[in-house]
Amino acid sequence: CGETENEIACNDDATGGNTLRSEISAMVEPGSYFLVVDGYGNAAGAYELIVSTSPLQSAAAICGDAPVLTPGQQASGSTTGLPGYFTATCARGAGASDRVYRLDVPARSRVRIRQRSDHDGALYVRRACDDANTDLACNHEIGDQRHSLVAFTADPGAYFVYSDGFGNSEAGNYTITAEVVPEVGGCADA
């Protein structure tokens, strides 16, 4: 308590810019934690504090249950209210709520994955689902904060695709589309 280097999460404005609400979400190990309620600058007043906890699945279980992302077919969903199991090498760590998909690549191919979201989303790909050291591509903004794009050349095998959010608090609806074409001579959609 009282040591800023031990801080797990902080928020002074809830998503959407509401300056009268704050919200944090964090995955924590079993133990005791301190919650600090403070005002911005010299602001002070009455407040209501609501705390909820829920047990989480292991990352291995989440990875094992990852739905298949079929090339050419759109996958849609929402990360709102989900825990943040994974982090990324871009988007300030992308420690927000996330959802993971498995993409099976049958032969050496060029892969392009697009995401559209109604929030500041992040999109990243790994070779091993629960190993951040296997990140292959990460993007949170292509043209604007609502669009993400990753492209890479893939050997045959399974890859894991993550819909996530910028920083620790961005969550919402998304659609993901994957294109997988032969490494030589294939044409991807525009």
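**Salt bridges**

I began with the ion pairs of this predicted model and found that the structure holds six salt bridges. The one I looked up to start with joins D155 and R108, whose closest N and O atoms are 2.6 Å apart. I then placed the two partners and noted that the pair links distant parts of the chain, since D155 sits in the loop between β6 and β7 and R108 in the loop between β2 and β3, 47 residues apart. I checked exposure as well: D155 is partly exposed, at a relative accessible area of 39%, and R108 is likewise listed as partly exposed, at 37%.

I next asked which other acidic side chain R108 meets in a salt bridge, and I found E183, at 3.0 Å from N to O. Because R108 lies in the loop between β2 and β3 while E183 lies in the segment after β8, this pair ties together parts that are 75 residues apart in sequence. For E183 I noted a relative accessibility of 35%, so this residue counts as partly exposed.

A further salt bridge that I looked up runs between R112 and E179, with the closest N and O atoms 3.1 Å apart. R112 belongs to strand β3 and E179 to strand β8, so here the pair ties together parts that are 67 residues apart in sequence. I recorded R112 as partly exposed, with a relative accessible area of 23%, whereas E179 is buried, at 11%, because the cut-off for buried is under 20%. Going back over the partners, I saw that R108, D155 and E183 are joined into one network by salt bridges that share partners.

**Nonpolar cores**

I turned to the interior and noted that the largest nonpolar core has 18 residues, and that I113, F152, V161 and I176 are those with the most contacts inside it. I then listed the elements that give two or more residues to this core, and these are β2 (99-105), β3 (109-117), β4 (121-126), β6 (147-154), β7 (157-165) and β8 (173-182). A second core, separate from this one, has 15 residues, and A66, Y85, A91 and Y162 are among them.

To see one core residue in more detail I looked up V161, leaving out residues up to four places away in sequence, and found that V161 touches L69, R99, V100, Y101, L103, I113, L123, Y124, V125 and I176.

**Q115**

I asked myself whether Q115 is buried or exposed, and the entry I made is that Q115 is buried, with a relative accessible area of 2%. The residue is in strand β3, and the side chain of Q115 makes a polar contact of 2.7 Å with the side chain of S163. Leaving aside neighbours within four places in sequence, I noted that the contacts of Q115 include G121, A122, L123, R146, H147 and S148, and also S163, D164, Y174, T175 and I176.

**Surface patch**

Last, I looked at the surface and found a nonpolar patch formed by I24, L35, V37, Y47, L49 and V51, which together have about 620 Å² of accessible area. I picked out V37 from this patch, and placed V37 in the segment before α1 (59-64). At 42% relative accessibility, V37 counts as partly exposed.

How values were computed. Residues numbered from 1 in each chain as written. Predicted model: local features only at pLDDT ≥ 70, side-chain atom pairs only at ≥ 80, totals over all residues. Heavy atoms only, no water. Core = buried A, V, L, I, M, F, W, Y, C linked by side-chain atoms within 4.5 Å. Buried < 20%, exposed > 50% of the residue type's maximum accessible area, 1.4 Å probe, protein only. Helix = DSSP H or I, 4+ residues; strand = E, 2+ residues; numbered from the N terminus. Contact = heavy atoms within 4.5 Å. Polar contact = N/O pair within 3.5 Å; in protein donor to acceptor, adjacent residues only side chain to side chain. Patch = residues over 30% accessible without salt bridge, like charges linked within 9 Å, V, L, I, M, F, W, Y side chains within 5 Å. Areas by Shrake-Rupley, 256 points an atom, 1.4 Å probe, with all protein chains shown as cover. Salt bridge = Lys/Arg side-chain N within 4 Å of Asp/Glu carboxyl O.
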